[in-house]
Amino acid sequence: MATSPCSSSGVSSSSSSGLGADAGLEIRTRSVEQTLVPLVSQITTLINHKDKPKRSDKTLQAIQRVGQAVNLAVGRFVTVGEAIANENHELKEEMSVACIEARRAGETIAQLTDVASLDHPESDSHITIFTDKTGVVKAARLLLSSVTKVLVLADRIVIKQIITSRNKVLATMEQLEKVSSFQEFVQIFSQFGNEMVEFAHLTGDRQNDLKDEKKKARMAASRAVLEKCTMMLLTASKTCLRHPDCESARINKDGVFHRMRLALEQVIEIVTDSRPNGESEMAPISIYSGIKEFKNKVEGLRENLYFLSKENLSTMLEVILEHTEDFTDSAYTSHEHREHILELSKQAKMELEQLVSVWMQAQNQKTKDLMEDLEVAILKTCQCMNELKREVHSAATSLAADLLKYHTDHMVLKALKITGVEGNLEAVAEYTCKLSEQKEQLVEMCRLLRHVSGTEPLEITCIHAEDTFQVTGPQIISAAETLALHPSSKIAKENLEVFCEAWESQLSDMSMLLREINDVFEGRRGEKRVYLSLPRPGKHNANLKALKPVKLDTEEQAKIAKLGLELHLLTSDVDSETEKWEDQENEIVQHGQGMSSMAYSMYLFTRGEGLLKTTQDLFHQAEIFATEGTKLASALHAFSDQVHDDDKPLVLLEAEKLISMCKQLQITAKASAQGKSATFTKVDACILKTRNVMTLICQLLPLCCKLLRKNKAGNGGLKPAPPWREDKIRTGTNARTPERRAETFGIKSLENHVTNMTFLESK
């Protein structure tokens with residue numbers, strides 16, 4: 001079922017001067033937001049110019065140049081918008097209206113700033129920015145609103161591409177379900193692989209563009225399901241084709257197809273911001289979030305004694321204590337933890353009763369003694385809630401640590417493989433019962449960890465892990481039963497291996513998730529998670545033989561450990577430098593943070609941890625890292641045009657160094673390596689060159705931050721921004737495929753035109 005791309009990004013932001021776009025439009029993506037930032041900034045600068053009694057010719061000329069330049073840039077922007085309308089007829093009417101409004105607003109701003117040729121710009125005979133400030137504000141609002149509408153409509157095209165790609169994947173999946181011969185399956189699966197890669201690229205870009213961290217996490221979870229299920233679908237389908245009358249093989253295959261469809265549907269829900277039948281999403285409340293909200297309300301009593309009722313506060317505590325029953329009722333919670341949680345729950349009720357008593361008295365009579373008693377009651381209540389939070393955290397994380405350690409040998413999975421090959425149905429049944437018990441333990445662990453995860457993205461990761469164990473457990477059982485019924489079947493054996501690997505992979509991910517949860521609890525930044533895209537074209541070739549992934553052995557990890565540690569320290573330095581920037585949305589900061597995140601995942605690889613599982617994953621990550629470095633160099637070039645002429649050569653020199661280093665890294669990452677020794681040498685070279693790039697970034701960030709502050713501390717004045725870079729246009733228009741041609745008339749193309757609106761720089 002196709003979903004209409006009716007909701008996308010929009011605007012609900014305003015500037016200090018009262019500028020604001022249409023309140024009905026909400027910005028959901030970074031690309032739209034960052035495209036609008038320079039326009040909002042520069043028009044605000046124009047409107048907030050100081051009304052001095054005497055205006056120099058230089059000031060008047062500068063104002064006029066700005067008005068004319070904005071009008072010309074809007075004209076070019078509108079031309080792109082009209083091209084989008086012609087390419088997409090369903091958007092033509094809306095786009096045309098928005099383009100007309102933008103053009104009209106641009107012309108109005110040009111007229112109102114046409115003051116350089118006037119002897120008395122404030123004379124009644126000619127309405128200008130000096131005589132009609134309200135008119136300028138109105139025109140600016142119209143311009144921002146209409147430009148935003150054009151961007152939002154362009155963003156719908158991206159959503160439409162994702163929906164179209166999803167529909168192609170679904171159609172091919174239906175064909176795969178119905179095939180009856182290997183030859184037909186091979187042909188269709190090859191097409192399916194290419195379509196999945198295209199879908200992965202589109203949704204990966206969308207995930208990175210989303211502003212909402214919760215939606216980002218949901219998107220990452222759905223895409224992780226699709227990534228793992230692609231190989232499962234391959235082996236499960238082959239098993240079914242080899243053993244068409246086997247019921248357990250059919251159940252196994254149906255489970256994979258069902259899970260993939262659910263994941264595809266969730267991706268569409270996220271990108272369209274809609275849910276089936278219009279139902280709203282009910283997010284489960286965790287103990288952590290409940291305690292946080294409760295404490296905020298309690299501490300708010302210091303400022304206002306009347307902003308909520310005692311019933312409201314009591315209800316909030318009741319909900320929190322109800323959730324603690326997930327711990328006290330769990331068979332896996334230790335007796336000691338259970339007793340402490342019950343004791344603290346009882347104490348929390350008593351502290352709240354005391355707080356309410358003092359609070360009610362303070363409402364009637366605000367004496368110094370009563371206010372002091374209230375402060376003590378607030379502190380004791382919050383302290384009790386902190387202790388409760390600490391106790392449930394300890395209960396959940398200690399259980400998780402014990403379970404992960406206990407199941408690290410994968411004895412049940414090994415036994416299932418052995419007894420399956422032996423055709424021992426009785427033994428398989430015995431071990432499937434043990435796996436079901438293990439699954440229940442891990443599911444309970446995930447539920448308890450969700451309560452103490454500390455952030456919404458980590459909560460979603462816990463929910464995803466719970467779902468994975470719930471679904472993968474029965475799939476392993478059906479795969480093992482199939483192998484036991486057909487013990488000589490190589491494909492049935494391979495199929496069981498694939499599902500066991502998915503289980504082992506999820507257990508490994510849980511270890512990292514546990515560390516992230518502990519990091520959040522202890523006030524450290526959680527480990528960075530970098531998305532791994534689905535396999536590139538060619539991963540599943542025509543004969544369906546996948547490349548065997550290569551991992552570093554213990555000896556190799558030891559050799560590269562020092563280099564990895566250096567990389568880890570550099571990521572901490574880069575994070576520290578980016579935090580010093582006032583504008584966290586600055587392009588240089590964004591690229592720096594992204595590269596730091598990627599470098600961190602490469603460091604984890606050197607320890608045999610994290611999401612980069614094989615050397616091929618590492619090389620792919622190194623390529624993306626180098627590409628991001630090139631983008632950072634482009635941002636530095638743009639930044640150099642904003643700094644004083646004396647400082648410009650220094651910035652450009654560093655940018656050229658960065659480009660050179662990134663090119664070298666890209667060449668190394670793409671070079672072929674045959675054999676274990678050559679592969680390790682390539683890994684070592686990639687980590688080394690990544691470290692060198694990070695070292696340079698550590699020097700670049702403070703330099704740029706210093707120059708930015710120096711610029712702001714300057715003596716004021718208006719400085720035109722650099723001309724629109726032609727190379728960006730050429731990059732967009734050289735696209736050949738229909739998808740790339742559509743992208744030409746998308747957000748990126750419009751970003752370039754909005755860049756041309758950036759003509760003022762407030763120093």
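A residue is taken as buried when its relative accessible area is under 20%. In the predicted model described here, H410 has a relative accessibility of 19% and therefore counts as buried. This residue is located in the loop that joins α11 to α12 (411-422). Most residues other than glycine have a negative phi. H410, although it is not a glycine, adopts a positive phi of about 55°. A positive phi of about 55° is also found at D273, just after α7.

Helix α7, which ends before D273, comprises residues 247-272 and packs against helix α6, residues 213-242. The angle between the two is about 155°, and their axes lie 8 Å apart. Angles over 145 degrees count as roughly antiparallel, and α6 and α7 are therefore roughly antiparallel to each other. Their crossing is left-handed. By class, the residues in the contact of α6 with α7 comprise 17 nonpolar, 6 polar and 6 charged. The length of α7 was also examined: at 1.5 Å a residue, its 26 residues should span 38 Å, and this agrees with the 38 Å that separates its end C-alpha atoms.

A second helix pair is formed by α13, residues 425-451, and α15, residues 490-521. These helices pack at an angle of about 25°, with 12 Å between their axes. Because angles under 35 degrees count as roughly parallel, α13 is roughly parallel to α15. The crossing of α13 and α15 is left-handed. On the α13 side, the contact involves L435, Q438, K439, L442, M445, C446 and L449, which meet W503, L507, M510, L514 and I517 of α15. Divided by class, the residues of this contact are 10 nonpolar, 1 polar and 1 charged.

Both α13 and α15 also take part in covering helix α8. Helix α8 runs over residues 287-300 and has 14 residues. The distance from its first C-alpha to its last is 20 Å, close to the 20 Å expected at 1.5 Å a residue. The buried residues of α8 are I287, Y288, G290, I291, F294, K295, V298 and G300. In addition to α13 and α15, the elements that cover these buried residues include α9 (310-328), α10 (335-364) and α11 (368-406). Helix α11 also precedes the loop that holds H410.

Methods:
Residues are numbered from 1 along each chain as its sequence is written. This is a predicted model: local features need pLDDT of at least 70, side-chain atom pairs count only at pLDDT 80 or more; totals for chains, interfaces and linings use all residues. Side-chain values use heavy atoms; hydrogens and water are left out. Axes are lines fitted to C-alpha atoms, for helices over the stretch in contact, and angles run from 0 to 180 degrees between N-to-C directions. Helices (H or I, at least four residues) and strands (E, at least two) are DSSP runs, numbered from the N terminus. Angles under 35 degrees count as roughly parallel, over 145 as roughly antiparallel, 65 to 115 as roughly perpendicular and the rest as oblique. A crossing is left-handed if the near helix is turned anticlockwise from the far one by less than a right angle, and right-handed if clockwise. Ala, Val, Leu, Ile, Met, Phe, Trp, Tyr, Cys and Pro count as nonpolar, Asp, Glu, Lys and Arg as charged, and the others, Gly among them, as polar. Contact means heavy atoms within 4.5 Å. The expected span of a helix is 1.5 Å times one less than its number of residues. Buried means under 20% relative accessible area, exposed over 50%, partly exposed in between (1.4 Å probe, protein chains only).
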